[in-house]
Amino acid sequence: MSRSPQAVVTGASSGIGAATARRLAAEGYDVICAARRAERIEALAAEIGGTAVVCDVTDADDVAALVAAVGDRLDLLVNNAGGAFGATPVAEADPEEWRRMYDVNVIGLVQVTRSLLPALLRSGGAGVIVNVGSTAGRVAYEGGGGYTAAKHGTKVVTETLPLELYDQPVRVCEVAPGMVRTDEFALVRFGGDQEKADAVYAGVPDPLTAEDVADAITWVATRPVHVNIDSLVIRPRAQAAQHKVHRLPTT
Ligand code: 8X3
């Protein structure tokens, strides 16, 4: 009897993670929605017929609970949990904020990946790991030092894994989005300041949506088993480069 492929999506409580969980479920995956906020992932899991697992990826006990929920085999791991905290220049860097960013964008991702690797290797085809990076992992920009350093870390971990696992049945990709308008990313970065968060997208004709990125992740995950997409950079048409953004007048 054939079984549905199983996926884990971390950071599934909102934005790209929630959109990816929905999209994968629509494509026939059994989705384990992992995130810290129980109510949100329980509602999402109920909506898509998936499973909710409360998991802070930086907490070893939570990751162990996620591994237990996965069981024997896993076909797809989407390491989406991450984020930016603060936008201060390096000269004013808050070490605690920088640590939190490294912790969630790099250590958490590594902790989840190494713990679920045995199940991915048992997927029976070729398990897929999709790490959600960022164009912030490609360039530096002022005020972004802590986040760009962390997302460069996400990229390097993604590049290291296939070198170490080159003879194993597992594939690894980094999907690196540019400007994506979600409810929470910029709001969290600016500590809840909605005005500052809105200014990020001011006048930009069409930033990417969470669904655009979910579409890219799903495409990566559903290639034939011998095909590995190393990395996929996705931006809105209005963002030719990190600093080169088309903005229409807003007044
Ligand atoms: C988010 C993209 O431009 O805010 O990962 O660094 S950006």
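This is a quick run through an aromatic pair, a charge over a ring, and the cavities.

So, what we have is a predicted model: local features need pLDDT of at least 70, side-chain atom pairs count only at pLDDT 80 or more, and totals for chains, interfaces and linings use all residues. Residues are numbered from 1 along each chain as its sequence is written, and side-chain values use heavy atoms, with hydrogens and water left out.

Rings first. I count Phe, Tyr and Trp (its six-membered ring) as paired if the centres lie within 6.5 Å, with planes under 30 degrees apart stacked, over 60 edge-to-face and the rest tilted. That gives one aromatic pair. Tyr-147 and Phe-185 have ring centres 5.6 Å apart and planes at 55 degrees, so they're tilted. Tyr-147 is in helix α5 and Phe-185 in helix α6, so the pair ties together parts 38 residues apart in sequence. Helices here are DSSP runs (H or I, at least four residues), numbered from the N terminus.

Buried or exposed, what is Tyr-147? Buried, at 6% relative accessible area, while Phe-185 is partly exposed at 29%. The cut-offs: buried under 20%, exposed over 50%, partly exposed in between, with a 1.4 Å probe and protein chains only.

Next, the charged end of Arg-100 sits over the ring of Phe-85, 4.0 Å from its centre (the rule is NZ of Lys or CZ of Arg within 6 Å of the ring centre and within 35 degrees of the ring normal).

Last, cavities: on a 1 Å grid over the protein atoms alone, sets of points where a 1.4 Å probe fits but can't get out. There are two of 30 Å³ or more. The largest holds about 50 Å³, and its 13 lining residues (an atom within 4 Å of a point) include Trp-98 and Met-101.

Note on methods
Helix = DSSP H or I, 4+ residues; strand = E, 2+ residues; numbered from the N terminus. 1 Å grid on protein atoms, 1.4 Å probe; cavity = no way out; pocket = protein on both sides within 12 Å on 5 of 7 lines; lining within 4 Å. Points joined across faces, edges and corners; volume = space filled by probe spheres on them.
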